[in-house]
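Here is a short tour of one protein model and the ligand that comes with it. Have the structure open while you read, and look up each residue as it is named.

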Amino acid sequence: MSSTIVSGMRPTGRLHLGHYHGVLKNWVRLQDTHECYYFVADWHALTTHYENPEGTGGFSWDLLAEWLAAGIDPDRSVLFIQSWVSQHAELALLLGMMTPLSWLERVPSFKDQQEQLRERDLATYGFLGYPLLMTADILLYGAEQVPVGADQVAHLEISRELARRFNSFYGRSPADAARLEAVLAQLGKRMTGAYGKLQQRFQEKGDLLALEEAQVLLGRVAGLDAETRELLLAHLAGKGRSILREPEALLADAARMPGLDGRKMSKSYGNTIGLREPPENVRKKLLTMPTDPARSGRNDPGNPEKCPVWPFHQVYSGPETRAWVMEGCSTAGIGCVDCKNTLADLVLEDQAPIRERAEYWAGQPEKLREIAWEGARRARQKAEETMEQVRSAIGLDAAAAQKP
Ligand code: TRP
Ligand code: SF4
């Protein structure tokens with residue numbers, strides 16, 4: 001089976017072209033090769049926007065509509081809203097029990113954001129716990145890979161450390177020990193003998209080959225399911241069973257879209273173009289972009305490498321148009337208005353179908369709700385499977401709480 005991907009976005013505003021080219025297009029591509037879980041991180045939005053949460057709910061629906069418009073396919077991927085799947089909160093709570101405070105306090109964004117967003121009080125328990133909730137988001141689905149931006153790598157490092165810590169504490173629960181004993185008793189004398197010898201070779205002599213041989217040996221035993229085989233292998237290696245998988249960051253490729261002023265495209269810099277911004281606005285914003293300062297007059301030659309318009313051409317224009325810009329700019333053969341109008345045509349052409357689909361979805365709240373509902377159902381199913389293992393590993397037997 002293909003491997004699992006999990007990623008989320010906080011519903012704190014409308015998406016812009018930076019999100020589209022830097023994140024969403026990658027999400028869309030991953031659907032071809034992976035089992036993808038994409039969710040609206042509304043609880044995460046509350047960690048910074050708890051004082052005025054009214055935006056969060058509305059933006060959640062905007063975000064879903066925009067994802068669908070960009071090509072996220074609800075038949076192939078699981079799309080859901082975080083707060084609809086309560087297992088995220090439960091796992092975050094349990095992880096909190098075993099998370100050293102120092103791990104959270106040393107996450108760079110904890111201090112950075114407090115300094116950058118001075119108008120907000122971020123000295124809260126929820127904000128400190130941001131990486132824990134994110135860890136729960138990921139571990140619940142056993143994600144191998146998590147597509148994120150470079151700013152999230154420190155959070156993912158905590159996720160990996162927490163998975164490891166959990167496994168080392170709880171990977172050898174009493175239930176596991178009892179099961180091991182039962183399985184070993186069933187294996188038969190010859191098999192148990194061979195298993196014991198390999199265990200000795202590995203644990204006493206550090207013989208790595210013994211692990212491989214054990215894999216082959218256990219592979220030959222009929223009727224062993226994958227989980228039991230893993231339990232036996234882990235026991236042989238003197239380790240606990242791996243209950244929570246350590247995820248890896250899948251860094252979005254650096255083909256990111258800079259903003260109108262050449263800095264990173266970001267709402268806080270006021271240099272964005274909205275994914276579904278009206279065409280007149282888009283053209284106006286592009287036409288008033290700053291250019292290479294050397295081209296102060298129509299007849300002064302310029303250098304696209306020094307112009308914020310050029311990275312847009314690199315995203316939107318084909319090789320011919322780019323050659324036309326390079327040549328025309330450096331010889332003053334074309335003016336900046338020609339250059340920008342050509343770009344605007346291409347941006348608008350690319351945006352048109354997205355804008356159309358986003359408007360369609362925005363007008364279909366019932367259908368959106370159905371998609372979110374179905375996504376939450378599928379997410380809960382998978383998340384609950386993980387939680388059952390987690391609870392039983394910790395010794396919290398919630399199943400026993402059912403009425404007999
Ligand atoms: N912290 C992420 C961001 O701000 C959003 C997020 C929340 C996330 N949970 C996640 C991303 C789990 C990946 C996986 O961009
Ligand atoms: Fe920039 Fe285009 Fe003007 Fe050259 S012609 S300075 S690339 S806007």
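## Starting at an exposed arginine

Let's begin with Arg106, which is exposed, at a relative accessible area of 52%. Keep in mind as you look at it that the whole model is predicted. Arg106 has a partner: it forms a salt bridge with Glu161, and the closest N and O atoms of the two are 3.3 Å apart. Glu161 belongs to helix α9 (residues 153-170), while Arg106 sits in the loop between α5 (101-105) and α6 (108-116), so this pair ties together parts that are 55 residues apart in sequence.

Helix α9 also holds Arg160, whose partner Glu246 is found in the loop between α13 (226-236) and β5 (248-251). The side chains of Arg160 and Glu246 meet in a salt bridge, at 3.4 Å from N to O. This is another link between distant parts of the chain, with the two positions 86 residues apart in numbering. As for Glu246, its relative accessibility is 30%, so it counts as partly exposed.

## The chain as a whole

Now step back for the big picture. The protein chain has 404 residues, and buried ones make up 45% of them. Its secondary structure comes to 18 helices and five strands. If you follow the C-alpha trace along its principal axes, it spans about 90 × 50 × 40 Å.

## More salt bridges

How many salt bridges does the structure hold? There are 17. One of them brings together the side chains of Glu90 and Arg391, at 2.8 Å from N to O. Glu90 is in helix α4 (residues 87-97) and Arg391 is in helix α18 (residues 365-394), so the pair ties together parts that are 301 residues apart in sequence.

The two partners in that bridge are covered to differing degrees. Glu90 is partly exposed, at 28% relative accessible area, whereas Arg391 is buried, at 11%. Elsewhere, salt bridges link Asp32, Asp73 and Arg76 in a network.

## Around the ligand

Next, find ligand 1. There are 13 residues around it, and the ones that come nearest are Arg10, His44, Tyr130, Asp137 and Gln152. Some of these put polar side-chain atoms next to the ligand. A nitrogen atom of ligand 1 is 2.7 Å from an N or O atom in the Tyr130 side chain. For the side chain of Asp137, the distance from a ligand nitrogen atom to an N or O atom is also 2.7 Å. With Arg10, an oxygen atom of ligand 1 lies 3.3 Å from an N or O atom of the side chain.

How much of the ligand does the protein cover? Taken alone, ligand 1 exposes 360 Å², and the protein buries 90% of that. The elements that give two or more residues to the shell are β1 (4-9), α8 (130-139) and β4 (145-148). Of these, α8 gives the most, with four residues. Sorted by class, the shell has seven nonpolar, four polar and two charged residues.

## Two residues of helix α8

Two of the ligand's neighbours deserve another look, beginning with Asp137, which has its place in helix α8. Asp137 is buried and yet has no salt bridge. Which side chain of opposite charge is nearest to Asp137? That is Arg10, and it is 9.7 Å away. Why doesn't that make a salt bridge? A salt bridge needs the nitrogen and the carboxyl oxygen to be within 4 Å, so a distance of 9.7 Å does not qualify. Asp137 does have a polar contact within the protein, though: its side chain meets the side chain of Gln82 at 2.9 Å.

Tyr130 lies in helix α8 too. Its relative accessibility is 11%, so it counts as buried. For a sense of distance across the model, compare Tyr130 with Trp361: they are 231 residues apart in sequence and 30 Å apart in space, C-alpha to C-alpha.

## One last stop in a strand

To finish, look at Cys36 in strand β2 (residues 35-40). Is Cys36 buried or exposed? At 1% relative accessibility, Cys36 counts as buried. In space, Cys36 and Ser7 are 8.1 Å apart, C-alpha to C-alpha, with a separation of 29 residues in sequence.

Technical notes: Residues numbered from 1 in each chain as written. Chains lettered and ligands numbered in written order. Predicted model: local features only at pLDDT ≥ 70, side-chain atom pairs only at ≥ 80, totals over all residues. Heavy atoms only, no water. Near = heavy atom within 4 Å. Polar contact = N/O pair within 3.5 Å; in protein donor to acceptor, adjacent residues only side chain to side chain. Areas by Shrake-Rupley, 256 points an atom, 1.4 Å probe, with all protein chains shown as cover. Nonpolar A, V, L, I, M, F, W, Y, C, P; charged D, E, K, R; others polar. Buried < 20%, exposed > 50% of the residue type's maximum accessible area, 1.4 Å probe, protein only. Lys, Arg positive; Asp, Glu negative; His and termini not counted.
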